[in-house]
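Subject: Handover of a structural model

Dear colleague,

Please find the structure below, together with its sequence. My account of what was found in it follows directly after.

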Amino acid sequence: MRRMKELLPMSSNAIMPLPPDVRIFLGGENMSVQIEVVDVIIPEGANIILGHSHFIKTVEDLYEVMVTTNPNLKFGIAFNEASGPCLVRYEGNDEELVKQAIETAKKIGAGHTFVIYIKGGYPINVLNQIKNVQEVCRIYTATANPLQVIVGITSQGRAVLGVVDGYSPKGVEGEEDKKKRHAFLREVTKYKK
């Protein structure tokens, strides 16, 4: 417990750099978690959806969601099996996005994690349908922003602990910022206010 306290800042407002190889000791000698930051590549004009599922059928069900929601959507899906042969399963209708999904899934390396890259649409167009897939447990993020995935590594394997989606806030919007936001929404989603 003393080692863990040494790694934590004194107050919740304190920010401290993490050592390059962070180890948090949770129990006995052989129980530890390493933390790794995985930088995710998002191709120009694409969005990524990163989630967690629990069954090998995930790839087929996500493929069906994508093609039935928007037949013009270009996409690539990859899913990391967590038992048996532990393969990266994949589908899609765009070779570049399929390859990128496979590479990202391998880089993250966490079991039962899925990666979907899309072009020609936005995550908002498919998120509810993805969430309604029986085996989908959670969505970590859906974004076109720069993305980092925080991965925990144990003696058993890897797990997604969270994500860093874009950047920290720089201020609070003003009236001009609101006008720009409303104009953007009208342009992208045909939203009117």
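I begin with one cysteine, Cys86. With a relative accessibility of 45%, Cys86 counts as partly exposed, because that value lies between the 20% limit for buried and the 50% limit for exposed. Please bear in mind throughout that this is a predicted model.

Cys86 is located in the loop that links β4 (74-80) to β5. Its backbone also deserves a remark: Cys86 is not a glycine, yet it has a positive phi of about 50°. A second cysteine, Cys137, is likewise partly exposed, at a relative accessible area of 46%. As to disulfides, a pair of cysteine sulfur atoms would have to lie within 2.5 Å to count as one, and by this rule the count is zero.

Overall architecture

The chain has 193 residues, of which 35% count as buried. Its secondary structure amounts to five helices and nine strands. Read from the N terminus, the order of elements is α-β-β-β-α-β-β-α-β-α-β-β-β-α.

The sheet

Five of the strands make up an open sheet, arranged as β5-β4-β6-β3-β7 with antiparallel pairing. Which strands stand at the edges? They are β5 (88-92) and β7 (136-143); each has a single partner strand, so one side of each is left without a neighbour in the sheet. From one strand to the next, the twist averages 15°.

Within this sheet, strand β3 (residues 47-53) and strand β6 (residues 113-119) run antiparallel and are joined by six bridges. Ile49 stands opposite Ile116, the latter belonging to β6.

Strand β6 also holds Ile118. Is Ile118 buried or exposed? Its relative accessible area is 0%, which is under the 20% limit, and Ile118 is therefore buried. Ile118 and Gly45 are 73 residues apart in sequence, while their C-alpha atoms are 8.7 Å apart in space.

Phe75 lies in strand β4. Phe75 is buried, with a relative accessible area of 0%. In sequence Phe75 is 26 residues apart from Ala101, and the C-alpha to C-alpha distance of this pair is 9.1 Å.

The loop between α3 and β6

Two residues in this part of the chain may be of interest to you. Gly109 has its place in the loop between α3 and β6. At a relative accessible area of 30%, Gly109 is partly exposed, because 30% falls between the limits of 20% and 50%. Gly109 and Val88 are 21 residues apart along the chain, and 9.2 Å separates their C-alpha atoms.

His112 is found in the loop between α3 (95-108) and β6 as well. What is its phi? The angle is positive, at about 65°, although His112 is not a glycine.

Strand β9

Val163 has its place in strand β9 (residues 158-165). Its relative accessible area is 27%, and Val163 is thus classed as partly exposed. Val163 and Leu147 are 16 residues apart along the chain, with 7.1 Å between their C-alpha atoms.

The second largest pocket

Lastly, I turn to the empty space in the model. The second largest pocket has a volume of about 230 Å³. Of the 15 residues that line this pocket, those closest to its centre are Ala82, Ala110, Gly111, Gly157 and Arg158. How does the lining divide into nonpolar, polar and charged residues? It comprises five nonpolar, eight polar and two charged residues. When you read these numbers, please note that glycine is counted among the polar residues.

To recapitulate, the model has an open sheet of five strands with antiparallel pairing, buried residues including Ile118 and Phe75, and zero disulfides by the distance rule. Positive phi values occur at Cys86 and at His112, neither of which is a glycine.

With kind regards

Definitions and conventions:
Residues numbered from 1 in each chain as written. Predicted model: local features only at pLDDT ≥ 70, side-chain atom pairs only at ≥ 80, totals over all residues. Heavy atoms only, no water. 1 Å grid on protein atoms, 1.4 Å probe; cavity = no way out; pocket = protein on both sides within 12 Å on 5 of 7 lines; lining within 4 Å. Points joined across faces, edges and corners; volume = space filled by probe spheres on them. Buried < 20%, exposed > 50% of the residue type's maximum accessible area, 1.4 Å probe, protein only. Pairing = 2+ DSSP bridges. Helix = DSSP H or I, 4+ residues; strand = E, 2+ residues; numbered from the N terminus. Axes fitted to C-alpha atoms, helices over the stretch in contact; angles between N-to-C directions.
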